[in-house]
Amino acid sequence: MHDRTLTRRHLLAMLGAGAGAAALASCSLPTAGAGSDAGGAGSSALRPDMKQAALGEIPSQYRGRTNILFWAPWTGHLFDVIAEAFTMFNDSQTDIYAAIESVGGYADLHTQFTAALQAKAVPDMVCFPELQWLQFYFAGALAPLDPYFTDEWNLDIYLQSYVGEGRAGDETYVVPFARSTPIFYYNKTAFTELGLPVDTTYTWSQLRELGPEIASLTSSGQPVRTFAYSAADGWYASSWLWAFGGAWTDGFDVMPDEGPVRDLMGFARDWVHVDGHAYQAQAPHTDFQTGLVTAVHGSTASMRGLTEAVDFELGAAFMPGEVDQPPLVPTGGSGFSLVRTDSKERQDATAELMKFLGTPQMSGWYHVRSGYVPVVEAARDEPEVRELHATDPNFTVAIEQLANAQTVAPALWFQAGVQALEKSFASLTGDGVEVQPTIDALRVELEDVLEDNRDDLEALGVS
Amino acid sequence: MTLLPTRPVATPERTASTQSAESAGSAQSAESTQSAQSARSAQSQPSPRERGSRGRRRPRSLTIGLYAMLGLVLAVFAVPLYWLFSSALKPENEIYTFPLTWVPSSLEWGNFVEAWTSAPFGAFLRNSVITTVVGTALEIGVAVLSAYAVAFVRFRGKMLVFAVMVGSLMLPGHITLLVNYITVSSLGWLNTYQGLILPGIGSAFAMFLLYQQMRQVPGELVDAASIDGAGHLRRMVSVVGPICSPMILTATLIVGIGKWNDFVWPLIVTSTADMRTLPIGLMFLRSQEGYDSWGPVMAGTVIVAAPMLVVFFLAQRRIVGGIVSGALKG
């Protein structure tokens, strides 16, 4: 596995896509833009040299239609779900056959789409997380969606906190689909046994105070810990700092107020190295499932799998607050983009597919099966969604927290920024380094990230 | 290498050491000269039983130490494999437990069924077999021909050709990846078998390996064949080939395993599920966001790893045997 990652990274570096792009984290942020001179907002949505990539065998009942191709960044269960949705689309009408091929994960899609642009054999629809589509926009690979919007299908039907991330200038390049937020998971059985508060919103300090009580439980002969950090918490760190009342960057200004950052970093460091009730885990969710730790955070998209994996009662709560309660949470997950190809006919057909997947029925259907949030506002009133929420309140918690979702600070739109943040917290929770030098080092790195991407960011209206 | 000579010696010693297990006291007194001596004497003796009863054997402490090291080395190789194979058969919850569950409480063959059905593994297997067999055959064919040419055929600029070929060994594969990709795509070979196979058949590594072996072939043998009227092809097939067969087999194995496990090239050159190979299929078993069920992932890994393990175990005897027989030239 390790070898593969390295190789992919080399490939990407070679393809000129930016060295950090190989990050496998599903909730990662965009890599450096391909250069603002590429002129993404080209006048035509077509590119005559861009042919369609290979289609698999077309089932006989769908022959003779307009064939469109989607490269899906999912595997396993999530791929099965989306593939079923495509079958529903193909059966719902007689003009379009939508083919779906899994290319692996987001990083693999990044690699393969970059390569496909070189080969001029591309899919009709792609799906990038958060703001990773920006570099393809700057490379002129994506077509605006606005001409396809109608009264029934437009940005107003989606959750507004996820819409802004898909826009550049006055045009829309992404419609939300598999979107998520971080959420706090706890072992409700253990909390109830100990008489600790459940079904509430915690603060970080409160959780820290629960440490000794939780440590009275043992698992495999060790005292149970309260909370597991990991070495890759960059996405969650936005919510942490929002809870402590700070911001990582404001425009091009890095850490405008160091006070909250100092509080947050000191808190994480002391919780691990003074109290010993939190720790840095190799695989937090695995430790959570085996009972070594009573609480973790994760994506809302993990809820379906976690619910089935644990043999205790799973509790879900808003991300813990502190100064601000409840805090803002970062948006995560991905949405659909239309690729500039040689065929208007295929683009029109692809827009039809997006419309279909943007109906309240399909959005609700997908939410129930995948665990991603229902991105279409009206999907919450779907009977299937209501039923799920009546039986499993954890899903309701996830939806209620959506009101607090917000796009992360611009420095964290770039993989290098996220990695700098992850490195800082990894050395705080792992090695117990001093707080102030960590802040100083992080400041330099985030400033570099912003400076390296100043042109692209200014083009997007960041100031 | 260092462990090999101890094997014939150590086996009978175990019976001896268990017979008198009480007197294991003086552990630290072993000297290397002494052990070498006892090893030599042990080898010269006819019957293991006799050896065990006579006194001049390796000190027990050293034997125990050697066994401990042997066990440790074995464990380093065997434990991950055992864990992989046993986990593929464990019920879901026993995979994660800490401390580890070594023996599954029940055999979960369903993991294999789930792995096989949740992705088109039949197609992956077919594609892997085709690309590995055809690709390996072509690559070894090219390597044998070019190694023979460099070793035995005289032509102008040979050293330059050879230097360029060997020099390409120094080039990391990533450098040629993009060029190959663009070439293959402009030939219209994306997502085809020829696109999967052909870019990989020119391998300086196998050529160099075989060239080194062919240099050891006695010149008199080749000359004798040519005096008998054998042309280059005949000399290669009937004289040089058989003498070098152990190395050819070794190269075939190395090349074959490399092709079987190849990930990056098949990943970017194929784009539909019916053209993917097994290592990519393995990736399809893992979910991205959400939760992995590791049983089927482990079962899929076994499906991918097992054929190469079998091939290797079948072939390794021939490799060792072949090397020995090749060494007895005269």
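Of the 330 residues that make up chain B, 40% count as buried. Keep in mind that this is a predicted model. Let's work through some exercises.

**Exercise 1. Get a feel for chain B**

Task: find out how many helices and strands chain B has, and what share of its contacts between residues at least 6 apart in sequence join residues at least 24 apart.

Solution.
- Start with the secondary structure: chain B has 17 helices and zero strands.
- Next, take the contacts in chain B between residues at least 6 apart in sequence; 71% of them join residues at least 24 apart.

**Exercise 2. A helix in chain B**

Task: decide how many of the eight residues of helix 16 (residues 278-285) of chain B are buried.

Solution.
- Go along the helix and list the buried residues: B:Leu278, B:Pro279, B:Ile280, B:Gly281, B:Leu282, B:Met283, B:Phe284 and B:Leu285.
- That is eight of the eight residues, so helix 16 of chain B is largely enclosed by the rest of the structure.

**Exercise 3. Three helix pairs**

Task: work out which word fits each helix pair below, parallel, antiparallel or oblique.

Solution, pair one.
- Helix 12 (residues 360-370) and helix 13 (residues 383-391) of chain A pack at about 30 degrees, and their axes are 8 Å apart.
- Angles under 35 degrees count as roughly parallel, so helix 12 and helix 13 of chain A are roughly parallel to each other.
- Now look at who touches whom: A:Gly364, A:Trp365, A:His367, A:Val368 and A:Arg369 from helix 12 of chain A meet A:Glu384, A:Val385, A:Leu388 and A:His389 from helix 13 of chain A.
- Sorted by type, the residues of this contact come out as four nonpolar, three polar and two charged.

Solution, pair two.
- Over in chain B, helix 12 (residues 219-227) and helix 13 (residues 232-243) pack at an angle of about 160 degrees, with axes 10 Å apart.
- Over 145 degrees counts as roughly antiparallel, so that is the word for helix 12 and helix 13 of chain B.
- The crossing of helix 12 of chain B with helix 13 of chain B is right-handed.
- Helix 12 of chain B brings B:Leu221, B:Val222, B:Ala225 and B:Ser226 to the contact, and helix 13 of chain B brings B:Arg235, B:Val239, B:Val240 and B:Ile243.
- By type, that contact has six nonpolar residues, one polar and one charged.

Solution, pair three.
- Helix 7 (residues 121-152) and helix 8 (residues 158-167) of chain B pack at about 140 degrees, their axes 10 Å apart.
- Helix 7 and helix 8 of chain B are therefore oblique to each other.
- Their crossing is left-handed.
- On the helix 7 side of chain B you find B:Ser146, B:Ala149, B:Val150 and B:Ala151, and on the helix 8 side B:Lys158, B:Phe162 and B:Met165.
- The contact of helix 7 with helix 8 of chain B splits into five nonpolar residues, one polar and one charged.

**Exercise 4. An aromatic pair**

Task: what parts of chain A do A:Phe227 and A:Trp271 tie together, and how are their rings arranged?

Solution.
- Describing a pair of aromatic rings takes the distance of the centres and the angle of the planes.
- Over all chains, the count comes to 44 aromatic pairs.
- A:Phe227 and A:Trp271 make a stacked pair, at 5.5 Å centre to centre and 5 degrees between the planes.
- A:Phe227 lies in strand 13 (residues 225-229) of chain A and A:Trp271 in helix 8 (residues 258-275) of chain A, so the pair ties together parts 44 residues apart in sequence.
- A:Phe227 is buried at a relative accessible area of 0%, and A:Trp271 is buried at 0% too.

**Exercise 5. A leucine in a loop**

Task: is A:Leu402 buried or exposed, and which residues does A:Leu402 touch?

Solution.
- Place A:Leu402 in the loop between helix 14 (393-401) and strand 21 (405-406) of chain A.
- A:Leu402 has 4% relative accessibility, so A:Leu402 counts as buried.
- Leaving out residues up to four places away in sequence, A:Leu402 touches A:Leu159, A:Ser161, A:Tyr162, A:Thr181, A:Val373 and A:Arg380.
- Take A:Thr181: 221 residues separate A:Leu402 and A:Thr181 in sequence, yet their C-alpha atoms are 7.4 Å apart.

**Exercise 6. Backbone oddities**

Task: which peptide bond ending at A:Pro326 is cis, and what is phi of A:Glu130?

Solution.
- Most residues other than glycine have a negative phi, and most peptide bonds are trans.
- The bond from A:Gln325 to A:Pro326 is cis, with omega near -10 degrees.
- A:Glu130 has a positive phi, near 40 degrees, and is buried at 4% relative accessible area.

Technical notes. Residues numbered from 1 in each chain as written. Chains lettered and ligands numbered in written order. Predicted model: local features only at pLDDT ≥ 70, side-chain atom pairs only at ≥ 80, totals over all residues. Heavy atoms only, no water. Axes fitted to C-alpha atoms, helices over the stretch in contact; angles between N-to-C directions. Helix = DSSP H or I, 4+ residues; strand = E, 2+ residues; numbered from the N terminus. Parallel < 35°, antiparallel > 145°, perpendicular 65-115°, else oblique. Left-handed = near helix turned anticlockwise from the far one by under 90°. Contact = heavy atoms within 4.5 Å. Nonpolar A, V, L, I, M, F, W, Y, C, P; charged D, E, K, R; others polar. Phe/Tyr/Trp six-rings, centres within 6.5 Å; stacked < 30°, edge-to-face > 60°. Buried < 20%, exposed > 50% of the residue type's maximum accessible area, 1.4 Å probe, protein only.
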